Amino acid sequence: MQASGTDKPSILIVDDEPSMLIYTRTLLESSNYSVETASSGEEALRKIQGHPPDLMLVDMQMPKMNGLQTIRACRNLVPGQRIVMVTCVTETSNVVQAMRLGALDYMTKPIYKAELDAVVARCLSSSAAPEQEVPVLHFTATTEQEHIDNLQNDLFFLAVSPAMKQVREQSSIIAKVDVPVLLLGESGVGKEILARLIHQLSPRSHKPFVKVNCAALPADLLESELFGYEAGAFTGASKPKPGKFELANQGTIFLDELGEMSPALQAKLLHVLQDGEFCRLGGRMSVTADVRVLAATNIDIEKSIAQKTFREDLYYRLNAFTLNIPPLR
């Protein structure tokens with residue numbers, strides 16, 4: 001909705017600090033936006049009734065009604081209301097929760113004009129023009145094998161439908177938050193492409209992206225593939241070999257078809273997620289690896305948990321944020 005009597009996009013700033021309201025308003029008005037302010041979540045709710053703005057900037061730390069409560073209430077009152085969360089500290093849990101409530105993006109204080117203009121423009125255009133395509137995103141290779149993989153897959157992400165645009169927007173935000181992400185959807189909907197997109201938009205983009213197909217190997221071979229082995233660990237192991245977690249150190253590992261992993265191996269994976277440590281097969285020394293885990297499956301998670309084929313504790317460890325990719329049909 002445009003501001004009344006003007007073609008300027010309307011923005012409502014919600015913050016309990018008067019100085020921040022004045023500062024942010026000045027930055028936005030200098031970029032030709034129509035700006036209103038609210039000093040509390042309650043005041044924001046009153047202002048958006050009947051006249052919702054094109055975009056809201058909501059501070060996280062406010063008395064009585066905090067940012068998350070304000071986002072929830074505003075989205076309940078005006079479904080589809082576009083909101084950006086503003087916070088002093090990048091608290092992972094708050095960012096994830098804000099996204100789950102429907103926030104399009106987040107910013108950390110202090111706010112700088114260039115970043116503010118970019119975020120506001122992106123949030124206004126991406127949701128206001130569903131007929132426009134999301135720009136093609138090409139992936140850069142970090143290794144020769146990555147280059148080969150990218151050429152083979154011709155990776156890019158295009159979105160036209162509102163549902164896929166929402167997936168694209170959520171991916172771009174969660175990419176910046178270093179938490180595990182679970183990708184759910186039917187076979188063929190592009191879970192690997194989305195995983196590569198998240199990696200490419202993340203702070204780990206200059207580090208390796210390592211894919212493991214959990215359905216392609218039996219359990220014993222999959223374990224050695226993930227965690228490596230020492231010389232003599234089994235017949236034919238003449239020299240030590242690092243596993244995929246070691247190779248992905250400081251980067252991202254993508255566990256495709258995770259639902260096919262055996263419960264016993266799931267327990268070892270849970271240990272790695274909790275402690276960041278594991279042992280190679282036949283090894284006695286712990287190996288540490290700083291790895292972000294992205295996992296994908298097309299199974300019915302709740303049904304698998306009930307049937308004891310998928311560990312509930314692993315699901316909750318991986319489910320810091322879930323992206324549900326709609327069927328392409």
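This is a short walk through two sheets, one arginine and one helix pair in a predicted model.

Before you start clicking: residues count from 1 along each chain as its sequence is written, and side-chain values use heavy atoms, with hydrogens and water left out. Since the model is predicted, local features need pLDDT of at least 70 and side-chain atom pairs count only at pLDDT 80 or more, while totals for chains, interfaces and linings use all residues.

**Stop 1: the sheet with β1 to β5**

Select β2 (34-38) and β5 (105-108), the edge strands, each of which pairs on one side only. Strands here are DSSP E runs of at least two residues, helices are H or I runs of at least four, and both are numbered from the N terminus. Two strands pair if DSSP finds at least two bridges between them. Now show the whole open sheet: five strands, parallel pairing, order β2-β1-β3-β4-β5. From one strand to the next, the twist averages 20°. (Axes are lines fitted to C-alpha atoms, for helices over the stretch in contact, and angles run from 0 to 180 degrees between N-to-C directions.)

Next, add helix α3 (residues 67-77), which packs on this sheet and touches β3 (55-59) and β4. Contact means heavy atoms within 4.5 Å. The direction of α3 makes about 155° with that of β3. Then go to β4 (residues 83-87), which pairs with β5 in the parallel sense over four bridges; V84 has D105 as its bridge partner in β5.

**Stop 2: the sheet around β6**

Bring up the other open sheet, again of five strands with parallel pairing, in the order β7-β10-β13-β6-β14. Its edge strands are β7 (209-213) and β14, each pairing on one side only. The twist averages 20° from one strand to the next.

Zoom in on β6 (residues 181-184). Which way do its side chains go? V181 and L183 point one way, L182 and L184 the other, and all are buried. Buried is under 20% relative accessible area, exposed over 50%, partly exposed in between, using a 1.4 Å probe and protein chains only. Keep V181 selected: its bridge partner in β13 is L294, and in β14 it is F321. β6 pairs in the parallel sense over four bridges with β13 (residues 292-297), and also over four parallel bridges with β14 (residues 321-324).

Slide across to β7, which pairs in the parallel sense with β10 (residues 252-256) over five bridges. Pick V210 there and you'll find I253 of β10 opposite.

**Stop 3: R204**

Select R204, in the loop between α8 (191-200) and β7. Is this arginine buried or exposed? R204 is buried, with a relative accessible area of 8%. Show everything R204 touches, leaving out residues up to four places away in sequence: D178, H199, Q250, G251, T252, D290, V291 and R292. For G251, switch on the distance: its backbone oxygen lies 3.2 Å from a polar atom of the R204 side chain.

**Stop 4: α9 against α11**

Finish with helices α9 (residues 219-227) and α11 (residues 263-275), which pack at an angle of about 15° with their axes 11 Å apart. That makes α9 roughly parallel to α11, a label for angles under 35 degrees (over 145 is roughly antiparallel, 65 to 115 roughly perpendicular, the rest oblique). For the interface, show A219, L222, E223, L226 and F227 from α9, which meet L265, K268, L269 and V272 from α11.

Definitions and conventions: Polar contact = N/O pair within 3.5 Å; in protein donor to acceptor, adjacent residues only side chain to side chain.
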